[in-house]
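Please work through the exercises below with the sequence and the model side by side, and try each task before reading its solution.

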Amino acid sequence: MRIDILTLFPEMFLPLGESMMKRAVQKGLAHFQITNIRDYAKPPHWMVDDLVYGGGAGMVMKPEPILAALEALGYRPGDTVVLPSPAGKPFNQQTALRLSREERLFILCGHYEGIDQRVADFTRAEEISIGDYVLTGGELPAMVLVDATVRLLPGVLGDSASLDEESFSAGLLEHPQYTRPASFRGLDVPEVLFSGDHRRIEAWRKEQAIARTWANRPDLLEKFSAGALGLPMAAAAPPRTAVYPVLVHYPVLDPRGKVIHTSLTNLDIHDIARLATTYDLPRYYIVQPGKEQRELAQSLLDYWVLGHGGAVNPDRRAALSRVVLVDSLEEAAADVAGRRRRRPTIVATSAKMRPNAISFADLRRKIWREDGDCLLVFGTGHGLAEEVLESSDHVLKPVEGRGVYNHLSVRSAVAIIVDRLLGE
């Protein structure tokens, strides 16, 4: 594999002459060509950068010397060109494996405020980011890309099996490793590693890999089910935030945007209570300030929880026993705060996009990583009143399907949202 690196600072690539990269070159498996872009700038000033069109701070690298250098190195349209950039797609093990299958690779190292966009357009360069931060130039990201890619070439590592056991190869972080001495400063190597029982050792290593991934990169576990990890559902780590669905009947909107008070429906009570039980949500709050409506709801709950209905259908009794009737959203929040001795986060939902709305991914991460309580608030009628949306800590982005129709029933919306946040 030949890798051409185009840069303004060739001296930064001395580390490629060490360790595994040196071994890859010595074995004839990889060849690195470091080219100074400035050598292809025009005399007498050898300028490689210029002012930004449209105004702005900093300078941008000019396209002419970069393309001249590429063409002098034998670049042809269709060759693979990589441009390290914080605006690129995240770099991962799968990308490194794909790049390792290329016979030739060109890497362009930007500097200053970046490279003229026409270079990427002309070469169809693949922009790749090694993280959500900004570095001085593309040299360090280029070395990361090269190291991660070249070490995957067959023959570079002494033991090809080590590739299969590394972090990210199976989608999990690697388990802890130990060597001699067996005891060091009061810390001992786990006993299981001395057992000679390879099945026990592999089970321990998998357990440790899952635990380390959960602690450091829980986002990697989102693509696995408990079964895919070889775990029973009960062994899968639970979310750290308790979620409480709240169904609001006042204040909500009518089709013209007027604040109204809606009536209870039997289906809303039953179906969302059953959903709460399925996903092990501690309580399901129904905000209904109307006296007659509350009395109607209470009589229904008494029948299924305390009366004949619960006696003949224990499953329905278990579900409806989670329902709590309150006069207001504030009362629901106070009930949680009183029981848990901490203020819950209030996340409202809406069918319309709001400024700074929280994404499903961000809210899911908060629920699975942070200790707390969350009221997940849904509106009946035509949605929650503006005062509820404005007073909430977050408003969740709307549910989007494949079509343009945007009129889910509240029961469907609750089911979809809860599953996206808490399901496998």
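The exercises that follow concern a predicted model, and each solution goes step by step.

**Exercise 1. Helices α8 and α9**

Find how helix α8 and helix α9 are packed, and decide how their directions should be classed.

Solution. Begin with the two stretches: helix α8 covers residues 266-278 and helix α9 covers residues 291-305, and their axes are 11 Å apart at an angle of about 45 degrees. An angle under 35 degrees would count as roughly parallel, while 65 to 115 would count as roughly perpendicular, and α8 and α9 are therefore oblique to each other. The crossing of α8 and α9 is right-handed. On the α8 side the contact is made by Asn266, Ile269 and His270, and on the α9 side by Ala297, Leu300, Leu301 and Trp304. Sorted by class, the residues in this contact of α8 with α9 are five nonpolar, two polar and no charged.

**Exercise 2. Helix α15 and its contacts with α8 and α13**

Work out how α15 is oriented towards α8, and then how α15 is oriented towards α13.

Solution. Take α8 and α15 as the opening step: they pack at an angle of about 10 degrees, and their axes are 10 Å apart. Angles under 35 degrees count as roughly parallel, and α8 and α15 are therefore roughly parallel to each other. From α8 the contact draws on Leu267, Asp268, Asp271, Ile272 and Leu275, and from α15 on Val410, Arg411, Val414, Ala415 and Val418. These residues of the contact of α8 with α15 comprise seven nonpolar, no polar and three charged.

Now turn to helix α13, residues 360-369, and helix α15, residues 410-422, whose axes come within 8 Å and cross at roughly 60 degrees. It follows that α13 and α15 are oblique to each other. Here Phe360, Leu363, Arg364, Ile367 and Trp368 of α13 meet Ile417, Asp419, Arg420, Leu421 and Leu422 of α15. The classes represented in the contact of α13 with α15 are seven nonpolar, no polar and three charged.

**Exercise 3. Three residues and their surroundings**

For threonine 123, decide whether the residue is buried or exposed, and do likewise for valine 246 and alanine 41.

Solution. Threonine 123 is found in helix α4, which spans residues 117-123. Buried means under 20% relative accessible area, so threonine 123, at 3% relative accessibility, counts as buried. The side chain of threonine 123 reaches the backbone oxygen of valine 119 at 2.8 Å. Setting aside neighbours within four places in sequence, threonine 123 is in contact with Leu67, Leu70, Tyr75, Asp79 and Val81.

Valine 246 belongs to strand β10, residues 241-248, and with a relative accessible area of 1% valine 246 is buried. Apart from neighbours within four places in sequence, valine 246 is in contact with Tyr285, Val287, Leu329, Leu375, Leu376, Val377 and Phe378. The C-alpha atoms of valine 246 and glycine 379 are separated by 8.4 Å, although these residues are 133 residues apart along the chain.

Alanine 41 lies in the loop between β2 and β3, and its relative accessible area of 7% makes alanine 41 buried. Not counting residues up to four places away in sequence, alanine 41 touches Trp46, Met47, Val48 and Pro65. Alanine 41 and proline 141, which are 100 residues apart in sequence, are 24 Å apart in space, C-alpha to C-alpha.

**Exercise 4. Backbone exceptions in loops**

Locate the cis peptide bond before proline 44 and the cis peptide bond before proline 181, then examine the phi angles of arginine 185 and arginine 341.

Solution. As background, most residues other than glycine have a negative phi, and most peptide bonds are trans. The peptide bond from proline 43 to proline 44 is cis, with omega near 10 degrees, and proline 44 sits in the loop between β2 (31-36) and β3 (49-51). Arginine 180 and proline 181 are also joined by a cis peptide bond, with omega about 5 degrees, and proline 181 lies in the loop between α6 (161-165) and β8 (183-184).

Arginine 185, though not a glycine, has a positive phi of about 50 degrees, and its place is in the loop between β8 and β9 (187-188). With a relative accessible area of 77%, arginine 185 is exposed. Arginine 341, likewise not a glycine, has a positive phi of about 60 degrees and lies in the loop between α12 (329-340) and β15 (345-348). Its relative accessible area of 79% makes arginine 341 exposed.

Note on methods. Residues are numbered from 1 along each chain as its sequence is written. This is a predicted model: local features need pLDDT of at least 70, side-chain atom pairs count only at pLDDT 80 or more; totals for chains, interfaces and linings use all residues. Side-chain values use heavy atoms; hydrogens and water are left out. Axes are lines fitted to C-alpha atoms, for helices over the stretch in contact, and angles run from 0 to 180 degrees between N-to-C directions. Helices (H or I, at least four residues) and strands (E, at least two) are DSSP runs, numbered from the N terminus. Angles under 35 degrees count as roughly parallel, over 145 as roughly antiparallel, 65 to 115 as roughly perpendicular and the rest as oblique. A crossing is left-handed if the near helix is turned anticlockwise from the far one by less than a right angle, and right-handed if clockwise. Contact means heavy atoms within 4.5 Å. Ala, Val, Leu, Ile, Met, Phe, Trp, Tyr, Cys and Pro count as nonpolar, Asp, Glu, Lys and Arg as charged, and the others, Gly among them, as polar. Buried means under 20% relative accessible area, exposed over 50%, partly exposed in between (1.4 Å probe, protein chains only). A polar contact is a pair of N or O atoms within 3.5 Å; within protein, one must be able to donate a hydrogen and the other to accept it, and residues adjacent in sequence count only if both atoms are side-chain atoms.
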